[in-house]
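Please read the following report with the sequence and the structure side by side, and find each named residue as it comes up. The text moves from charged pairs to strands and then to the surface.

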Amino acid sequence: ECVPVLMENAMVMESEGLGAGRFAIERPTMRPPKQNRCYVRQRLSVAAEKAEVAALQQRRERVLHALSGLGTTVSQLSVIVAQPELDCEDLRGMGFAAVKTSVQIEQILDTEESLPGSGVLLVNVGADVRPAHECCENLDLVTSVPPIIVVLVLTDEEYSVQVGEEARQLATKSLYNNGADDVMTLRGKEVITSHRVQEAIVRTEILAEKASEVINREVGGLKTRTAKTLQIAWNRFLWDMPGKVLDSIPLKDESLIESANSNTIGVGDYSFTSQLGAGAYCAVFKATHPKLGTCALKVTNKDSIKGVGQLWMLGSEARIMTGLVPHPNIVRAHGVLHTEANIMLIMECAGDLNLHSFVVQTEKARECPGLPVELTESFIKQEAAAIAHLHASLVCHRDLKPSNWVVNDEGTSVRLCGFGLAVMSCGPQQKISHCCGSLPFCAPEVLKMHLEDHPRAGWGYNAFAADVWSLGANFVELSFGSYGIERLMGWVPKHPADKQQRLHDVEHFPEVWAGAPHPSIAGLHSLVAHMIEMCPKKRWSIAQVVGPEGLNIVESHACPMPVLLHHLKQQVHETPDDAQAQAPTGPSCGTSAEWGGETLPAVPEEDQEIPEDQ
């Protein structure tokens with residue numbers, strides 16, 4: 001402050017001609033000595049540290065005081081301190097189920113640890129609620145956490161200065177949005193009591209149950225609406241295929257009227273007289289028609305068709321059965337009806353009983369197992385002739401079992417039906433990957449591939465050889481009576497539950513058959529042994545089964561056998577390239593020209609579970 005004055009006096013004296021140099025002008029030092037500045041800084045730092053420690057201790061005491069009124073319920077609660085610096089030994093010694101900090105909550109997310117107790121108290125001290133927000137967000141990510149109760153500990157000054165009621169409501173709402181189940185504010189010397197905590201926990205649980213009910217109801221309604229929309233779109237797509245992509249199933253005929261009253265049951269000119277059988281997806285009815293006379297209708301409800309694969313297999317069954325060259329031991333189909341609700345396959349009515357039911361009925365009448373020897377031998381030859389006709393037409397049935405053979409009303413002949421799993425093949429060299437069939441009649445290679453999880457090199461099986469195995473198993477059933485093959489394998493009264501055990505029993509059936517009593521039919525034991533050879537390449541073909549070294553079937557059992565045998569021998573000796581070059585264009589052994597130049601599409605191979613209850 002002196003310097004400006006002295007300078008001004010010097011300038012005045014100089015202007016008056018007086019020598020300014022006579023006066024010594026000293027400029028005072030404005031800064032204190034260096035040692036004094038360090039001393040002041042040290043004192044300020046020590047004072048600040050003491051104040052910070054005192055404030056921290058005061059805040060810890062506020063936390064301990066706020067939680068001191070919980071009583072015996074402390075052991076049922078977990079405590080989380082939003083500010084990590086407030087964690088102390090006194091808090092851990094109060095007996096809580098767990099004491100965590102916000103830093104430890106982040107570690108819980110990595111270890112997937114759960115918090116014990118019936119509730120969690122999240123303590124936040126001061127007007128700044130951001131630490132509580134962060135903790136709530138992290139706790140919301142924990143898979144299993146009890147109800148979260150946020151406890152805001154405020155002094156009277158903080159409560160009044162924090163802002164008004166509206167601001168406090170916004171802060172509370174933000175905590176709820178971040179995952180808090182309840183929020184409590186403790187003002188001044190207030191403490192949280194066990195009664196308040198229990199009320200908050202019960203209130204939270206009730207709200208959670210109501211919210212769950214509302215969510216489940218809304219989700220259920222959404223699923224129903226979505227499923228209905230998808231079903232409408234799916235049906236529109238699925239039922240646009242018949243008559244276009246699947247030409248074996250005609251377009252829906254609006255003129256066909258289905259009647260189901262007390263006077264008549266049927267469709268169009270077909271009147272149903274009785275039900276012959278029923279399956280999982282269809283039923284077979286006996287009917288009469290003015291021109292066809294007595295016939296059978298296989299009715300499949302369209303609602304039971306859930307995918308393109310099922311519809312394609314239904315179309316494949318109709319195509320094969322309507323296109324096969326007629327044979328006396330194979331049921332022939334006349335056509336297909338497509339109504340508003342059903343698809344009906346019109347077939348010849350071969351009889352009222354399938355072979356299994358016929359054998360059981362005959363055994364009861366004769367009071368002894370099996371059929372008469374002459375009838376058994378006749379049925380065996382008829383079955384072999386039917387399969388020879390199929391294989392000559394390059395068709396594999398893949399589900400040969402007694403219930404798929406129909407016995408005529410006189411009980412003298414059998415006819416093959418049930419072509420739902422039948423497939424056309426280029427020859428024995430073509431591998432089929434679609435596993436299907438019925439135990440205990442399916443071949444072991446089919447069952448083994450069905451149990452394998454992953455495809456491997458050479459995946460697939462020879463469907464012709466698999467049919468021969470199944471036919472041999474049918475011969476065993478005919479010669480030993482109903483459930484004869486199950487009795488030999490020890491599967492009576494029921495099949496084994498373990499799938500690997502079933503495969504083991506089927507694979508060892510040739511050994512069982514080698515030690516079984518010889519049937520009354522000469523040569524049948526040896527014939528069946530050749531048909532159930534484990535190695536498909538060593539197994540007899542159907543040509544050998546019906547040929548001179550086997551059953552030696554003459555034309556009276558086939559139609560016409562010499563031509564079919566010649567065609568079968570060509571299949572056995574042709575190379576894979578020849579098989580592809582001579583791939584059939586129709587479901588018979590003729591050329592495409594004989595069938596109007598019509599070419600059949602490949603049959604898709606959908607997954608079909610092997611029935612375990614048969």
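Does Asp352 count as buried, partly exposed or exposed? In this predicted model, Asp352 has a relative accessibility of 36%, and because the partly exposed class lies between the limits of 20% and 50%, Asp352 counts as partly exposed.

**Charged pairs**

Side chains of opposite charge can pair when their charged atoms come close. The structure holds 12 salt bridges, and the table lists some of them with the distance between nitrogen and oxygen.

| Pair | N to O distance |
|---|---|
| Glu340 and Lys252 | 3.0 Å |
| Lys286 and Asp352 | 3.2 Å |
| Glu445 and Arg539 | 2.9 Å |

The salt bridge between Lys286 and Asp352 starts from strand β9, which covers residues 282-289 and contains Lys286, and ends in the loop between β12 and β13, where Asp352 lies, so the pair ties together parts that are 66 residues apart in sequence. With a relative accessibility of 17%, Lys286 counts as buried, whereas its partner Asp352 is partly exposed at 36%.

The salt bridge between Glu340 and Lys252 joins two loops: Glu340 lies in the loop between β11 (333-338) and β12 (342-348), while Lys252 lies in the loop between α8 (194-238) and β6 (258-260), so this pair ties together parts that are 88 residues apart in sequence. Glu340 counts as exposed, because its relative accessibility is 53% and the exposed class begins over 50%. Lys252, with a relative accessible area of 34%, is partly exposed. These two residues also belong to a network of salt bridges in which Lys252, Glu254 and Glu340 are linked.

The salt bridge between Glu445 and Arg539 links distant parts of the chain, since Glu445 sits in helix α12 (residues 444-451) and Arg539 in the loop between α17 (524-531) and α18 (542-546), 94 residues apart. Here both partners count as buried, with a relative accessibility of 17% for Glu445 and of 5% for Arg539.

**The strands around β9**

Strand β9, which holds Lys286, has paired strands that can be followed in turn. Strand β8 (residues 270-278) runs antiparallel to β9 and is joined to β9 by 6 bridges, and within this pairing Ser274 stands opposite Lys286. A hairpin of 3 residues leads from β8 to β9. Strand β10 (residues 293-301) is also antiparallel to β9, and 8 bridges join the two; in this case Ala283 stands opposite Val299 in β10. The passage from β9 to β10 is again a hairpin, made through 3 residues.

**A covered strand**

Which way do the residues of β1 point? In a regular strand the side chains alternate between the two faces of the sheet. In β1, Leu77, Val79 and Val81 point one way and Ser78 and Ile80 point the other way, and all are buried. This fits the description of strand β1 (residues 77-81) as mostly covered, with 5 of its 5 residues buried.

Strand β1 pairs with strand β3 (residues 119-125) in the parallel sense over 5 bridges, and the bridge partner of Val81 in β3 is Val123. Strand β1 also runs parallel to strand β2 (residues 98-101), to which it is joined by 4 bridges, with Ile80 standing opposite Lys100 in β2.

**Charge on the surface and a serine in a helix**

Where negative charges gather at the surface, a patch is formed by Glu106, Asp110, Glu134, Glu137, Asp140 and Asp181. The elements that give two or more residues to this negative patch are α4 (102-111) and α5 (130-139). Glu106, one of the patch residues, is found in helix α4 and counts as partly exposed, because its relative accessibility is 47% and only values over 50% count as exposed.

Elsewhere in the chain, Ser357 is found in helix α10, which covers residues 355-366, and Ser357 is partly exposed with a relative accessible area of 29%. How far is Ser357 from Ser403 in sequence and in space? The two residues are 46 residues apart in sequence, and their C-alpha atoms are 7.6 Å apart in space.

Conventions:
Residues are numbered from 1 along each chain as its sequence is written. This is a predicted model: local features need pLDDT of at least 70, side-chain atom pairs count only at pLDDT 80 or more; totals for chains, interfaces and linings use all residues. Side-chain values use heavy atoms; hydrogens and water are left out. Buried means under 20% relative accessible area, exposed over 50%, partly exposed in between (1.4 Å probe, protein chains only). Patches are made of residues with over 30% relative accessible area and no salt bridge: like charges are joined within 9 Å, nonpolar side chains (Val, Leu, Ile, Met, Phe, Trp, Tyr) within 5 Å. Accessible areas come from the Shrake-Rupley method with a 1.4 Å probe; for residues, only the protein chains shown count as cover. A salt bridge is a side-chain nitrogen of Lys or Arg within 4 Å of a carboxyl oxygen of Asp or Glu. Lys and Arg count as positive and Asp and Glu as negative; His and the chain ends are not counted. The place of a charge is taken as NZ of Lys, CZ of Arg, CG of Asp or CD of Glu. Two strands pair if DSSP finds at least two bridges between them.
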